[in-house]
Amino acid sequence: MDEDKNPSERYAGQRSAEAFGLIPKGFDLDTFMVELLTEQIAGLYDPKAHEFYIADWIPVADQRMVMAHELTHALEDQHFQIEGWVKAARPNDDAELAREAVLEGSAMAAMVDFLLQGTGRSLGDLPDFDPSILIGDLADSPALEKAPRFIKDALVFPYFSGLKFSAAILKPLGWSGLPGVFGKPPLSTQQILHPALYRSGKVPAPVPLPSMEKMLGSNWSKLEENTLGEFGWKEVLKQFLGEDRAKTLAAGWDGDRYAVYEQKQAKKLILLTHLHLDSEERAARFFGQYSEAFEKKYAGRSNLFRRANFFSFDTPDGGVFLDCWGSECVTMEGTTRNMFDGLTKALAWPSAPQPPPQLGAKTEKTVRTFAPMENSIVRLRSPHAPNLYNILRAADYSD
Ligand SMILES: [Zn+2]
């Protein structure tokens, strides 16, 4: 569990994940995470007490390997004060997850080096190293097996993607390259997923998100506002479009901001996002494919209205809107056209096309086909991401 987060922050995280379609509605994330993490702990470094623990019920050889991992955390903590270093990224969840990936990835890298001792090889010799051979089959863990896909991905991201990042960054200099990463932390999960963008210092676009509080009135409160990042968008897209298309689309990420509002009594949600893409072409592609994702997300649709850069429809839970302009897109779910117009106005965007006056109320399905996309790549702090940087998963080492 993320002990740093209080119950209302965890509630906000859970509702946000619901709003994005990342976990089923009403999914009891808290209970689930307790079960999962209890099952999975083999070692732990506590950055508050500066102590580490190893499970004594696992074989001694495994304990040594886990120790290589935990000692890396301890050493990094002595030199770089890891807790403060990770938290310095707040309140940007995407940047915080990127820093967690540095911690877990480097600890995994040390573990790999430990395992390769005496073989004459090191992490740097394994350019296309597949961490899954080390981690084994995650499905072996009963709790993880029934986890929503997003939870699994968010749990393993710091370890797997962090290891690949560490291997790439440490390759030229070896371990002496590590202090440089603490000195110049990755800014986003995008830089973890694409170490070349870390090296080139790509800075995500700052993305404004107007406050809707005044417009929504006192019946609504803002639960959450944050940045999802390339990893998070990839997870969202994956729910509806599959892994390959999600990877390609999310790779066009160039900054985002989202907010979740909740109606105080009825607990209805409004999700609002503003996404910057690398180019107009990528925004156009995002528009087409996210329209399709929306159609998959909402079974009960009526009053579909589609123009070149604008798509809207009604659902029993309110209107859904997607609008792209230049290399940017905004979405709003669970609200009214008036509210959406308020958003585009606050952003100084041209107003979206108006639907014809008499639209039938019947539900229809629009079928669109998309040309196969060329391939390319890819965050999320799990909404109340368990602070996993001090936890090593036991399932990996238990046999
Ligand atoms: Zn760790």
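**Helix packing, core and odd backbone spots**

Me: How many helices and strands are in the chain?
Reply: Bear in mind that this is a predicted model. Counting along the chain gives 16 helices and 10 strands.

Me: What share of the residues count as buried?
Reply: The chain has 399 residues to sort. A residue goes in the buried bin if 20 or more other C-beta atoms lie within 10 Å of its own. On that basis the buried share is 45%.

Me: At roughly what angle do the axes of α13 and α15 cross?
Reply: Two packed helices are described by the angle between their axes and the distance between the axes. Here, α13 covers residues 229–241 and α15 covers residues 280–297. Their crossing is left-handed. The axes come within 9 Å, and the crossing angle is roughly 65°.

Me: Which residues in α15 does α13 meet, and how many of the residues in that contact are nonpolar?
Reply: From α13, the residues involved are Leu237, Phe240 and Leu241. On the α15 side they meet Gln289, Glu292, Ala293, Lys296 and Lys297. By class, the contact has 3 charged residues and 1 polar one, and the nonpolar count is 4.

Me: Beyond its neighbours within four places in sequence, which residues is Leu237 in contact with?
Reply: Leu237 sits in α13 and takes part in the meeting with α15. Ala293, in α15, is one of its contacts. The full set is Arg245, Ala246, Leu249, Ala250 and Ala293.

Me: Which helix gives the largest share of the largest nonpolar core?
Reply: That core has 89 residues, and Leu237 and Phe286 are among those touching the most other members. It draws at least three residues from each of domain 1 (41–200) and domain 2 (213–351 + 366–393). The largest share is 13 residues, and the helix supplying them is α8 (residues 149–170).

Me: Is Leu163 buried or exposed?
Reply: Leu163 lies in helix α8. Glu104 is 59 residues away in sequence, yet the two C-alpha atoms are 7.3 Å apart in space. Because Leu163 has 25 C-beta neighbours inside 10 Å, it counts as buried.

Me: How far apart in space are Gly252 and Phe286, C-alpha to C-alpha?
Reply: Gly252 lies in the loop between α14 (243–250) and β4 (253–263), and it is buried, with 21 other C-beta atoms within 10 Å. Not counting residues up to four places away in sequence, it touches Leu277, Asp278, Arg282 and Phe286. Gly252 and Phe286 are 34 residues apart in sequence, and the C-alpha to C-alpha separation is 8.6 Å.

Me: Is the peptide bond from Arg90 to Pro91 cis or trans?
Reply: Most residues other than glycine have a negative phi, and most peptide bonds are trans. Pro91 is in the loop between α4 (82–87) and α5 (93–116). Omega for this bond is near 10°, making it cis.

Me: Is His50 buried or exposed?
Reply: His50 has a positive phi of about 55° although it is not a glycine. Its place is the loop between β1 (41–46) and β2 (51–54). It has 11 C-beta neighbours inside 10 Å, so His50 counts as exposed.

Me: Where does Asn303 lie?
Reply: Asn303 is not a glycine, but its phi is positive, at about 55°. It has 17 other C-beta atoms within 10 Å, so it is partly exposed. The element that holds Asn303 is strand β6 (residues 302–307).

Conventions:
Residues are numbered from 1 along each chain as its sequence is written. This is a predicted model: local features need pLDDT of at least 70, side-chain atom pairs count only at pLDDT 80 or more; totals for chains, interfaces and linings use all residues. Helices (H or I, at least four residues) and strands (E, at least two) are DSSP runs, numbered from the N terminus. A residue is buried if 20 or more other C-beta atoms lie within 10 Å of its own, exposed if 12 or fewer, and partly exposed in between; C-beta atoms are placed from the backbone. Axes are lines fitted to C-alpha atoms, for helices over the stretch in contact, and angles run from 0 to 180 degrees between N-to-C directions. A crossing is left-handed if the near helix is turned anticlockwise from the far one by less than a right angle, and right-handed if clockwise. Two residues are in contact if their C-beta atoms, placed from the backbone, lie within 7 Å. Ala, Val, Leu, Ile, Met, Phe, Trp, Tyr, Cys and Pro count as nonpolar, Asp, Glu, Lys and Arg as charged, and the others, Gly among them, as polar. A nonpolar core is a set of buried Ala, Val, Leu, Ile, Met, Phe, Trp, Tyr and Cys residues joined through C-beta atoms within 7 Å. Domain bounds come from an automatic or database domain assignment.
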